[in-house]
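Reader: Could you take me through the surroundings of the ligand in this model, and through the elements that line it? I set up calculations for a living, so please give me the cut-offs as you go.

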Amino acid sequence: SRTTVGVVGGGPAGLLLARLLHQAGIDCVVLESRDRGYVEQRQRAGILEQGTVDALRACGAAERLDAEGLVHDGIELRWNRRGHRIDFPSLTGGRRVRVYAQTELVKDLIALRLADGAPLLFDARVTAVTGADTDRPVVHYTHQGAERSLHCDFVAGCDGFHGVVRTAIPAEELRTFERVYPYSWFGVLADVPPSCDELIYAHSPRGFALHSMRSPAVSRLYLQVPNGTDPAAWTDGQIWDELEARFAVDGGWRLARGPITQRAVLPLRSAVTEPMRWGRVLLAGDAAHIVPPTGAKGLNLAASDAVVLARALAQWAATGTTAALDAYSDARLQAVWRAEHFSWFMTTTLHSAPGQSPFDTRLQLSQLDRIAASPHAAAELAENYAGLPLV
Ligand code: FAD
Ligand code: DHB
């Protein structure tokens with residue numbers, strides 16, 4: 001079969017790209033290796049930047065997000081048993097963020113695509129892409145026990161960090177930049193109303209902790225743990241005790257406990273692949289770059305890639321010019337490296353590396369004190385967190 005754009009991967013990047021292409025009148029086929037239930041339940045990110053919300057609204061995908069998403073005007077940082085609030089609108093000229101789970105965003109985009117009657121195949125595993133340097137690249141995949149091929153004008157690799165589309169680019173054309181962190185996140189979902197109105201990022205002598213939420217009735221919490229930690233090795237009580245110790249502040253704040261319904265450990269890593277385009281293959285989202293989750297940038301970068309890529313493909317479809325496609329990689333890499341820096345900054349400022357020296361801890365605390373003391377320092381954090389405008 002044939003299509004204009006073969007979209008590999010039905011995560012946020014692939015689904016949003018497909019929505020934008022559909023609206024621009026460009027046909028595409030989305031191939032997703034997992035089943036629908038799996039991609040709709042996979043517990044991941046929870047924060048949408050202003051720009052991501054704007055993009056979803058502009059393509060008619062924000063109805064439920066506008067009804068159910070929680071608007072957040074700031075975050076709280078905690079260290080030295082004290083809290084300090086960072087106010088986004090006053091520091092960024094009115095930008096704010098939204099708490100809306102990636103699972104819900106993915107459900108919304110899948111429902112819209114199926115309602116449009118547009119092709120989205122689950123259980124369709126891509127095995128290879130050939131002809132990246134020709135005008136007719138081919139996506140090879142297996143579906144319902146059969147080997148199939150999809151002939152395309154362009155192939156969008158939205159297939160995540162372990163994706164295969166990237167391997168269609170000759171190794172000598174690619175550079176990968178990577179950093180692995182000496183700690184992981186233990187994430188839990190709990191049936192208990194959040195103990196805060198806004199997210200809390202805590203630096204503590206016992207390590208980092210984050211209090212987030214999924215709804216007024218469901219909390220999402222994370223603990224820094226050593227790499228290789230087995231999530232089954234902790235009791236619910238141990239998890240709550242550790243969270244309570246890390247969030248502890250002087251004064252009356254209390255952490256409410258409830259049943260833990262999901263738990264998982266995820267390693268922290270930064271990685272960037274350059275370039276994000278080679279021939280007729282384009283990469284978007286985690287397929288090209290991953291960030292440690294501390295800055296909440298992963299999902300937002302994936303969405304921004306999709307917006308810029310859709311615009312470039314629309315220009316090509318309308319006029320035949322590849323100017324915007326030619327500019328895609330450089331434009332996105334500039335934004336990607338900004339997010340890499342911010343995510344690295346948030347991660348290394350808030351976590352305690354194993355064996356970290358007291359000198360390094362003093363530097364972290366000085367940086368946090370600086371953010372509390374100076375609107376300029378706070379604005380630097382706020383602008384990056386709430387999201388920089390798309391270029
Ligand atoms: P993905 O969501 O990974 O989607 C890629 C899709 O491609 C998947 O559905 C996959 O099944 C499919 N696929 C892969 N290979 C193939 C193939 N060969 N053929 C067909 N389909 C294929 N970010 C945060 O900001 N906060 C968080 O707390 C957070 N937690 C995370 C936890 C985990 C475990 C992970 C992995 C990521 C987390 N992230 C988090 C990052 C964020 O979720 C990602 O940046 C975001 O999902 C990127 O979207 P994407 O569409 O590029 O990739
Ligand atoms: C969530 C995850 C993050 O990495 C983050 O920085 C904020 C919130 C979340 O899953 O809710």
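Author: Happily; here is a walk from the ligand outwards through the elements around it.

This is a predicted model, in which local features need pLDDT of at least 70, side-chain atom pairs count only at pLDDT 80 or more, and totals for chains, interfaces and linings use all residues. Residues are numbered from 1 along each chain as its sequence is written, while chains are lettered from A and ligands numbered from 1 in the order in which they are written.

Let us start at the ligand itself. Ligand 1 is surrounded by 32 residues, and the closest are Gly 9, Gly 11, Gly 160, Gly 285 and Gly 298. A residue is near a molecule or strand here if its C-beta atom, placed from the backbone, lies within 6 Å of it. Two or more residues of this shell come from each of α1 (12-23), β9 (124-130) and α8 (298-319). Such helices (H or I, at least four residues) and strands (E, at least two) are DSSP runs, numbered from the N terminus. Sorted by class, the shell has 15 nonpolar, 10 polar and seven charged residues. In this sorting Ala, Val, Leu, Ile, Met, Phe, Trp, Tyr, Cys and Pro count as nonpolar, Asp, Glu, Lys and Arg as charged, and the others, Gly among them, as polar.

Now to the two helices. The axes of α1 and α8 come within 8 Å and cross at roughly 30°. The crossing angle makes α1 roughly parallel to α8. Axes are lines fitted to C-alpha atoms, for helices over the stretch in contact, and angles run from 0 to 180 degrees between N-to-C directions; those under 35 degrees count as roughly parallel, over 145 as roughly antiparallel, 65 to 115 as roughly perpendicular and the rest as oblique. On the α1 side, the contact is made by Pro 12, Ala 13, Leu 16, Leu 17, Leu 20 and Leu 21, and α8 contributes residues including Leu 299, Ala 302, Asp 305 and Leu 313. Contact means that the C-beta atoms of two residues, placed from the backbone, lie within 7 Å. By class, this contact has 14 nonpolar, no polar and one charged residues.

The remaining element, β9, leads into a sheet. Three strands form an open sheet in the order β9-β10-β11, with antiparallel pairing; two strands pair if DSSP finds at least two bridges between them. β9 and β11 are the edge strands, each with a single partner, so one side of each has no neighbour in the sheet. From one strand to the next, the twist averages 25°.

Strand by strand, six bridges join β9 to β10 (residues 138-143), and Val 126 stands opposite Tyr 141 in β10. Tyr 141 also stands opposite Arg 148 in β11. β10 and β11 (residues 146-151) are paired over six bridges, with Thr 142 opposite Glu 147. In their hairpin, which has two residues between the strands, Gln 144 takes a positive phi near 50°.

One backbone detail belongs to the approach to β9. Asp 123 has a positive phi of about 55° although it is not a glycine, and this residue lies in the loop between β8 (120-121) and β9.

At its other end, that loop touches on a second sheet. Six strands form this open sheet in the order β8-β2-β1-β12-β19-β18, with mixed pairing.
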